[in-house]
Each structure stands twice: as C-alpha cells, then as structure tokens.
Amino acid sequence: MNIKGEKVVLRGIEPQDLEDIREMTNDADQERLIGGWSYPATKKHQEDWYQRILSDRNNVRFAVEYDGIFVGLVNLIDIDWKNRCAETSIRLTNKAPKRKGVGTDALLSLVAYAFNELNLHRLYATIIDNNEISKKLHQKCGYILEGTQKDAIYKNGKYHDRVLMALVREN
C-alpha cells in the first residue's frame, strides 16, 4: 500500500532508489545537519543496508516520491510496540523542490500513517541544534519542544546540543 499525501507519495524503497540514497548519505552538507554519523557509503554498503531493512519491523522506512521522482526518505525508527511510540526522521535529496511543501507533506503523511494505521501514540524527533530547517518543519507539523540535551552530538570538531521534539496523538 502506498501512502498518498497531498503532494507526495510514500512508498516502499526499491533497488533503483539505492544510488540516490547513497548520494544523500555521502553528501557532506547533509551530513553536518544530522544527529547521527555516517561514513562514505559504497554500493555494497547500500545493498547490504537494503537487504537488512526488508525484514526489519521495528524500523519502517519509506521512499518519498514527488511527481514520480524519488526525492527522499521518511522513517519510523525504533518502534516501541508496547508503549506505541517511535522516532521519526526525514531526509530529502538535493533535487527535492524547495519551498513547495514536500517535506511538510511527507512528514504529515508519515504521522497520519503512524497514528491511524499503526496505532502509535507518541512520535518524537531528535534534531541537531544547528538544523533550523528541521526544527521549523517539525514545529509546523505539530511537534513541540520537549527539551535539550547539552553537548550530546559531536560534529565537525565541536559539540552540539540535541533538541528533542515530540507529537502525541490526540484521542
């Protein structure tokens, strides 16, 4: 089942998406804006990752399509099925159109799926403090600031705060 937003379609990740995903992973400008870390990914790394995600039920990942073109990923990470919560993440390629609402529609579509189909109750995001675009996107989608973890992320030779934002399903 594909998930249709107003502007985007969330669909399963296909082998033909792997090269675009590898380009995102290896993009230094994007890497500095994410809280985790990565290293230069080879085609083999990407293929191995793809094989692992196919059977992973605690991490649900979707390709984001806009006008039939792969433009990014949205994810539900570390799903806690007992407590009905998960971390959300979004990452768009450089070819995703800017200021067209693609990120907002993708994240809102993921939220609707998580709440209405998976019956999750709480979604949260961890964002590096210098990623203003991501903080604004999550706020626009209804996430609220829960707190800050001081010096929790080490990037480019210095420590950054990790911002915690969350969205709870209204009953």
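# Briefing: cores, a helix and a pocket

Ser109 is in contact with Ile3, Gly5, Val8 and Leu10, leaving aside its neighbours within four places in sequence. Ser109 lies in helix H4. This is a predicted model. The briefing takes helix H4 first, then the cores, Phe62, a pocket and two backbone angles.

**Helix H4**

- Ser109 has a relative accessible area of 7%, so it is buried.
- H4 is mostly covered, with 12 of its 15 residues buried.
- Val102, Gly103, Thr104, Asp105, Ala106 and Leu107 are among the buried residues of H4.
- Further along, the buried residues of H4 include Ser109, Leu110, Val111, Tyr113, Ala114 and Phe115.
- The length of H4 fits expectation: at 1.5 Å a residue, its 15 residues should span 21 Å, and its end C-alpha atoms are 21 Å apart.

**The nonpolar cores**

- In soluble globular proteins, nonpolar side chains tend to be buried together.
- The largest nonpolar core here has 32 residues.
- Within this core, Leu10, Phe62, Val74, Leu76, Leu123 and Tyr143 touch the most other members.
- Several strands each supply at least two residues of this core: S2 (8-11), S3 (60-66), S4 (69-80), S5 (85-92), S6 (122-128) and S8 (158-168).
- Helix H4 (102-116) also supplies at least two residues.
- H4 gives the most to this core, with eight residues.
- A second, separate core has 10 residues, including Ile21, Met24, Ile53 and Leu73.

**Phe62**

- Phe62 has its place in strand S3.
- Phe62 counts as buried because its relative accessibility is 8%, and the cut-off for buried is under 20%.
- Not counting residues up to four places away in sequence, Phe62 touches Ile3, Leu10, Arg11, Ile13 and Gly72, among others.
- The contacts of Phe62 also include Leu73, Val74, Asn75, Leu110 and Tyr113.
- One of these contacts, Leu73, belongs to the second core.
- Another, Leu110, is one of the buried residues of H4.
- His45 is 17 residues from Phe62 in sequence, and the two are 19 Å apart in space, C-alpha to C-alpha.

**The second largest pocket**

- About 250 Å³ of space lies in the second largest pocket.
- Its lining includes Gly12, Ile13, Tyr50, Ile53, Leu54 and Asp56.
- Arg57, Asn59, Val60, Arg61 and Phe62 also line this pocket.
- Phe62 therefore has two roles in this account: it is buried at 8% relative accessibility, and it is a lining residue of the pocket.
- Ile53 lines the pocket and is a member of the second core.
- Helix H3 (43-53) and strand S3 each supply at least two residues of the lining.
- S3 gives the most to the lining, with three residues.
- By type, the lining divides into six nonpolar, two polar and three charged residues.

**Two positive phi angles**

- Asp78 is not a glycine, yet it has a positive phi of about 50°.
- Asp78 is found in strand S4, one of the strands that supply the largest core.
- Arg99 is also a residue other than glycine with a positive phi, near 55°.
- Arg99 lies in the loop between S5 and H4.
- Arg99 counts as exposed because its relative accessibility is 87%, and the cut-off for exposed is over 50%.

Methods
Residues are numbered from 1 along each chain as its sequence is written. This is a predicted model: local features need pLDDT of at least 70, side-chain atom pairs count only at pLDDT 80 or more; totals for chains, interfaces and linings use all residues. Side-chain values use heavy atoms; hydrogens and water are left out. A nonpolar core is a set of buried Ala, Val, Leu, Ile, Met, Phe, Trp, Tyr and Cys residues joined through side-chain atoms within 4.5 Å. Buried means under 20% relative accessible area, exposed over 50%, partly exposed in between (1.4 Å probe, protein chains only). Helices (H or I, at least four residues) and strands (E, at least two) are DSSP runs, numbered from the N terminus. Contact means heavy atoms within 4.5 Å. On a 1 Å grid over the protein atoms alone, a cavity is a set of points where a 1.4 Å probe fits but cannot get out, and a pocket is an open set with protein on both sides within 12 Å along at least five of seven lines; lining residues have an atom within 4 Å of a point. Grid points are joined across faces, edges and corners, and a volume is the space filled by probe spheres set on the points. Ala, Val, Leu, Ile, Met, Phe, Trp, Tyr, Cys and Pro count as nonpolar, Asp, Glu, Lys and Arg as charged, and the others, Gly among them, as polar. The expected span of a helix is 1.5 Å times one less than its number of residues.
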